[in-house]
Each structure stands twice: as C-alpha cells, then as structure tokens.
Amino acid sequence: MHAAGTPTTGARRSRRRRAALVGALALVPALALAACSSSGGDDAAGSDGPVTLEFWTYSLKGTDPEAQAIVDRYHELNPDVTVKLSEVGGTAETSSKLLAADRADTAPDVVQVEYRALPSLVVSGVVKDITDDVADVRDGVEDNIWDLTTFDGQVYGVPQDIGPMMLTYRADLFAQYGVEVPTTWEEYAAAAEAIHTQDPSVYIASFSPTQFEFFASVAAQAGGEWWSNDGDAWSVGIGDEPSLETADYWQDLVGRDLVTVEPLLTPEWNAKVNDGKILSWAAAAWAPSVLYSVAPDTAGLWEAAPLPQWTAGDASVPFLGGSTYLVPEKSEHADEAAAFAAWLSATDEGSNLLLGLDLLPGGTAGREATLTAEPPMLMPQQTDFWQVVDQVVADTTIPVTWGPNVNVAQSAFGDALNEAALNGGSFRDVFTATQETIAADLEKSGFTVAD
C-alpha cells in the first residue's frame, strides 16, 4: 500500500545500479578536463620562502575566536605560511567572484563553496585537480564523503562539512497529537493528516518551493537522477518517472492542505515554529542549530530521527548541503593551498578544530569526536543524537550528480513550483518544464545533451 504519489519499489531499481558509481559528480566533458589541466603551471604551484594564502570562506570569520584559533594553529605548524581570511557570501556570489578573478588573473588560493557549485566551476576550468596533493590524507575522510568532490576518480576539493539528512520534530507535540515518528513518507503523510485534522492551525511542516536541493535529494532517494553524464553527453532527468512520482506526493500534501506553503526562516515562519504551529523540518543534521537560533525557548522539546524512506527498510539517502575547499587553477601558491585545505579538513587535528565552528566535519576524526559530544542545544535531552547522525552518515550512499547549470535549474524550478503550489498548478508540469529549460541551457552553453 503506497500513499498518493509515493514512488514504488520498481521505480527505484535503476538507483540500485547507480549506487555503485564512484563519485557524486558526473564525468565532465573531455574538453573541460583539458582546460582544467592546461591553465596555470608548475611555476605557480609552489613557492620559495614565506607565502600568504588568500582564503575565501564563509565558515571561518575573522571576528570568531574559534576561527582565529584554527588559523593561529596552522601558522604555528607552518611558520612560512600566513593564511588571510576573506569573508565571502553564499555559493552563488562566491562562484561569480571566482570566475571573475580567474579571468582577471587575481584568483585567491583556497575557496569554500557548496558541493553543488563544484561541477560548474570544474567545467569552467577554474579548479585545480588536487588528487595527488591529498593522497596522504585520503584515509582521513570516508569514501562516500570524498565522492562529493570527485570527478571520474579525480579530486577537486577537500570536504569541509556534511549534511546527513534528518527529520527534526517537536517530540512533545507529536506525542500530544498521538503521532509516531514517521519512518516512511507514507507514514509522514498519515501523520500530517492526523495532526492537521486535530488542529487545522497546525501543520507537520511547511512546503517551501524554493528548496531546490531538498527536492533533488528526495527525488534521488526515490531513484531519480537529475543530471548524469556519459562521455561528452549530459542527460537531464528532472522529468524522469521517479522524480515525477515525488512531485505527485508533494502535490497531494499541498492539495489537501496538510503542509503550509511558505518559505523557510521568515519572521512568519519563525513565529509559527515558536508557537508550535509547524512541527518538523526535513532537512539535515544542521537543522537543530538553525532552529535553536530562531526558537531558543523551545529547546528540550525537539528530537531528531533519520529521514523517512520511500521504501520501508531502505535507509539509503544522499547528503544535503555542506561545502568543500577548492584550490583555484590560477592560485599562485597552489601547493601550499592544497596542503592547508588538506590539513584543515582531512587531518585529525584540523577536522577536530572544525567542530568549534558549529558544523559537522567531513573528516573522520572530527565526525567521530561528536560521538562523545553534548547533543545540540535544541535537544539536550536526546543523548543519542550524534549516534543517530553517525548511522545516517553510514547510510548516505546515494551519489547525487550536480550538473554545470544548477543555478539556472534552481531559478526555473523554484519560481514555477511556487506558482503551482499557490495557484493549483501541476507539479509534474513544473518538473518537466524545468527539465526542458535545463536541457536547452546546456545546449546553448555548448554541451551535448542526450535524448
């Protein structure tokens, strides 16, 4: 028995084969790889004498004592290297700045971007292949996390942090409404109905149409593959059947008014979270920190569990969010930059230090250190929180391929889905129209698009 729109087991079989793929990112076209290896040069890779590394980041803020302690420790270990922190905005802004700096030959040395931005930057030829540079620290990060920065076996970034997918929920109010924590999306729909029926002002969650990465992730969980690559040809699968079935699922919940259609983290959304009118957030292990920042008075009332499954017993999920440190192809100190990035994220000392930045490190040592850490302030009573997170990390085995035009897809998808959600349009049509937009944009940009 499946809830309306719930992807079936049969629709998921193709994902079983894809789970064996090495790399979360698609094989880039040969010309793009050639471009990546042709710019820059050995003369610029290493330096004699003291060097200053310009580090573009939004996690390490110069005013943060924890961040400064990390930099100071690296200076202590490497007295000939000075790391200069330069705070930048989110991924879209950083990517644009990096492309401009590459054209102007003023590239920084280390840059933090979200994983989904990496493919377009690699295809643009602005990212250095650091496979050899990180060879000595490969054991410091699990393979499924290295996959987030790997193209066809070549590494283009060191994972900073990861987003194991979780459901964070108001445990007290779930109990009040007599609702068990859903382990499947079918159970989630039933819980949404039970809650809203008892109190029409209360919803299990909000439905935010602009959360492109979330919809891509749950579609991948169902067997969808929004971008893929075979040789020089890209395929676009936002309109594939597993993805369309997830569209049906969310349309059913929206159509029955079982989720409230509104963006996340607005003053209105924050107020509803504080007032117990929105009872959960399907996101990642970073959600408790965000929720605490907007609803600190609700601390102790929340708990977290693994994300609901499309098929009972299949715990496989992709990562949601997180970021990596890359080295620009035109860095004047590429060797030193790669060494710093490797130390910061993939060594025991560096990944442990990253814990002080309120993130879940991609490095094994930092991640394992959370197992003896206190739970998040949002849920101090859930003493097994980090054990649950660690199991989700182990189950995160679905590689998500991000194409070279994610920003185009995100804009087309979010605007159209918001219109459909508010005015009763077809979610399926949004998915298929977005696929057509992405395919046309790829062709316009000179890529071969497979049928």
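What is the volume of the second largest pocket? About 370 Å³, in what is a predicted model, where local features need pLDDT of at least 70 and side-chain atom pairs count only at pLDDT 80 or more, while totals for chains, interfaces and linings use all residues. Residues are numbered from 1 along each chain as its sequence is written, and side-chain values use heavy atoms, with hydrogens and water left out.

**View 1. The second largest pocket and its lining.** A pocket is an open set of points on a 1 Å grid over the protein atoms alone where a 1.4 Å probe fits, with protein on both sides within 12 Å along at least five of seven lines, and lining residues have an atom within 4 Å of a point. The volume is the space filled by probe spheres set on the points, which are joined across faces, edges and corners. Of the 22 lining residues, Ser-120, Pro-404, Asn-405, Val-406 and Asn-407 lie nearest the centre of this pocket. Two or more lining residues come from each of α5 (91–103), α6 (118–123), α18 and α19 (427–444), and α5 gives the largest share, five residues. Helices here are DSSP runs (H or I, at least four residues), and strands are likewise DSSP runs (E, at least two), numbered from the N terminus.

**View 2. The ring pair of Tyr-74 and Trp-343.** Rings of Phe, Tyr and Trp (its six-membered ring) pair if their centres lie within 6.5 Å, with planes under 30 degrees apart counted as stacked, over 60 as edge-to-face and the rest as tilted; by this rule there are 33 aromatic pairs. The centres of the Tyr-74 and Trp-343 rings are 5.0 Å apart and their planes stand at 50°, so the pair is tilted. Because Tyr-74 belongs to helix α4 (residues 65–77) and Trp-343 to helix α14 (residues 334–346), the pair ties together parts that are 269 residues apart in sequence. Tyr-74, at 4% relative accessibility, counts as buried (under 20% relative accessible area, with exposed over 50% and partly exposed in between, for a 1.4 Å probe and protein chains only).

**View 3. The ring pair of Trp-226 and Phe-413.** With ring centres 5.8 Å apart and planes at 55°, Trp-226 and Phe-413 form a tilted pair. Trp-226 lies in the loop between α10 (212–222) and β8 (227–230), and Phe-413 in helix α18 (residues 406–423), so that the pair links distant parts of the chain, 187 residues apart. Both Trp-226 and Phe-413 are buried.
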